[in-house]
Each structure stands twice: as C-alpha cells, then as structure tokens.
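Colleague: I'd like to go through this one with you and hear where the labels come from. Can you put it up on the screen?

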Amino acid sequence: MELSDELYELLNGENLENKQHEAMLLMTVTEDGWPHNAMVSAGEVVALDKENLRLALWPGTTTTKNCIRTRKATLVAVYKGRVHYTRLAVSPLGILEGTKHPLERFSAKIEFYKEDQAKYADITSGIQISLKDPSAVLTRWKETIQETLR
C-alpha cells in the first residue's frame with residue numbers, strides 16, 4: 001500500500017512553516033482494549049517514501065507504550081479535502097543517543113491506506129492548531145525530523 005500524493009506532500013518533512021497548523025490523530029489500543037488517540041504534527045511524522053514513515057514520540061506516553069507493545073497504530077489526517085486513514089506496522093528504533101530532542105523513534109510500514117471524502121459535502125478542515133511560539137516549535141520540528149531520519 002502507498003500514501004496518496006497529497007498525504008505524502010504533508011508528511012515529506014519539507015515546508016513545515018506551511019504545515020504548522022495541521023494536526024493528525026495517531027490512534028493506538030491500550031492494554032485493556034480501549035482506543036487511545038494522540039495528536040501529532042508534521043514535525044513528528046515523516047515519510048521516507050510512500051510506503052514507509054518514521055515517527056518521533058514522547059518517551060513514556062500512553063501512545064509510545066502502546067506502539068511498543070502492539071507494534072500497531074493508525075494515522076488519521078484530514079488534508080486537502082480528504083480524510084486519510086493509514087494503518088501502520090511500527091517497529092521501535094529507540095531513543096537516539098546524543099540528540100537535542102530525545103524522542104522514541106519508530107519505523108512504520110504502511111499496511112493499509114484509504115482516502116475518504118463525502119459525495120454530499122466538502123471536508124473543509126481537520127484539526128487545526130495555532131503554535132504559541134512558531135519559531136521555536138518549527139526549529140524543534142526540523143531538528144526532530146533530522147534526528148528521526150538517522
């Protein structure tokens with residue numbers, strides 16, 4: 001399975017200034033079987049190509065623990081008028097030593113991809129955010145992407 005051109009564009013690690021308002025849901029399953037949602041950004045998910053992603057997640061979070069335990073996640077992004085559902089098989093890469101941002105890194109293989117749009121309505125937006133300190137966050141995102149790709 002492959003990402004669409006639109007979703008690949010969102011996740012390609014480039015032009016983060018233009019993507020700073022986009023947030024996505026990374027969905028996992030807890031130990032007791034409940035769905036768990038976390039918001040992630042284009043600064044935490046990067047496409048290596050249309051079949052493989054890298055994730056950078058905060059250590060010790062429920063999402064990170066779920067990814068380590070189940071090795072599965074679903075990324076849901078609303079972008080350019082479509083909802084993109086991407087099932088991921090994740091593999092822990094660990095925290096890279098000596099990085100500026102010590103995040104848990106994962107490789108993620110796309111196992112299933114689906115685009116959705118309503119015939120009777122236009123999807124006008126997904127989750128939108130406004131960064132409190134865009135300069136600092138964009139710098140961190142760029143550094144995180146570089147560290148995640150190592």
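**How the labels were earned**

Modeller: Sure, and keep in mind that this is a predicted model. Let's begin with strand E4 (residues 52–57) and strand E7 (residues 104–116), which run antiparallel and are joined by six bridges.

Colleague: What makes E4 and E7 a pair?

Modeller: Pairing takes at least two bridges between the strands. E4 and E7 have six, so they count as paired. One of the matches to look for is Leu53, whose bridge partner in E7 is Ala108.

Colleague: And how do you know that strand E6 pairs with E7?

Modeller: By the same test of at least two bridges. Strand E6 (residues 82–95) is joined to E7 by 12 bridges, again antiparallel. For an example, find His84, which has Glu115 as its bridge partner in E7.

Colleague: Now Ser41 in strand E2 (residues 35–41). Why is Ser41 called buried?

Modeller: The cut-off for buried is under 20% relative accessible area. Ser41 has 4%, so the label fits. Apart from neighbours within four places in sequence, Ser41 is in contact with Glu22, Met24 and Trp141.

Colleague: Thr99 sits in the loop between E6 and E7. What makes Thr99 count as buried?

Modeller: Its relative accessibility is 15%, and the limit is under 20%, so Thr99 counts as buried too. Beyond neighbours within four places in sequence, Thr99 is in contact with Glu147 and Arg150.

Colleague: Which backbone oxygens does the Thr99 side chain reach, and how do you know that they count as polar contacts?

Modeller: There are the backbone oxygen of Leu96, at 3.2 Å, and the backbone oxygen of His101, at 3.4 Å. The distance limit is within 3.5 Å, so both fit under the distance limit.

Colleague: Let's turn to helix H2 (residues 62–70). Which of the residues of H2 are buried, and why can you say that they line one face?

Modeller: The buried ones are Thr63, Thr64, Asn66 and Cys67. Looking down the axis of H2, these buried residues fall within an arc of 165°, so they line one face of the helix. In general, an α-helix has 3.6 residues a turn, so residues three or four places apart point the same way.

Colleague: What covers the buried residues of H2?

Modeller: The cover includes strand E1 (22–29), E2, E4, strand E5 (72–79), E6 and E7. And when you come off the end of H2, look at Arg71, which follows the helix and has a positive phi, near 60°.

Methods
Residues numbered from 1 in each chain as written. Predicted model: local features only at pLDDT ≥ 70, side-chain atom pairs only at ≥ 80, totals over all residues. Heavy atoms only, no water. Helix = DSSP H or I, 4+ residues; strand = E, 2+ residues; numbered from the N terminus. Buried < 20%, exposed > 50% of the residue type's maximum accessible area, 1.4 Å probe, protein only. Contact = heavy atoms within 4.5 Å. Arc of directions from axis to C-beta. Polar contact = N/O pair within 3.5 Å; in protein donor to acceptor, adjacent residues only side chain to side chain.
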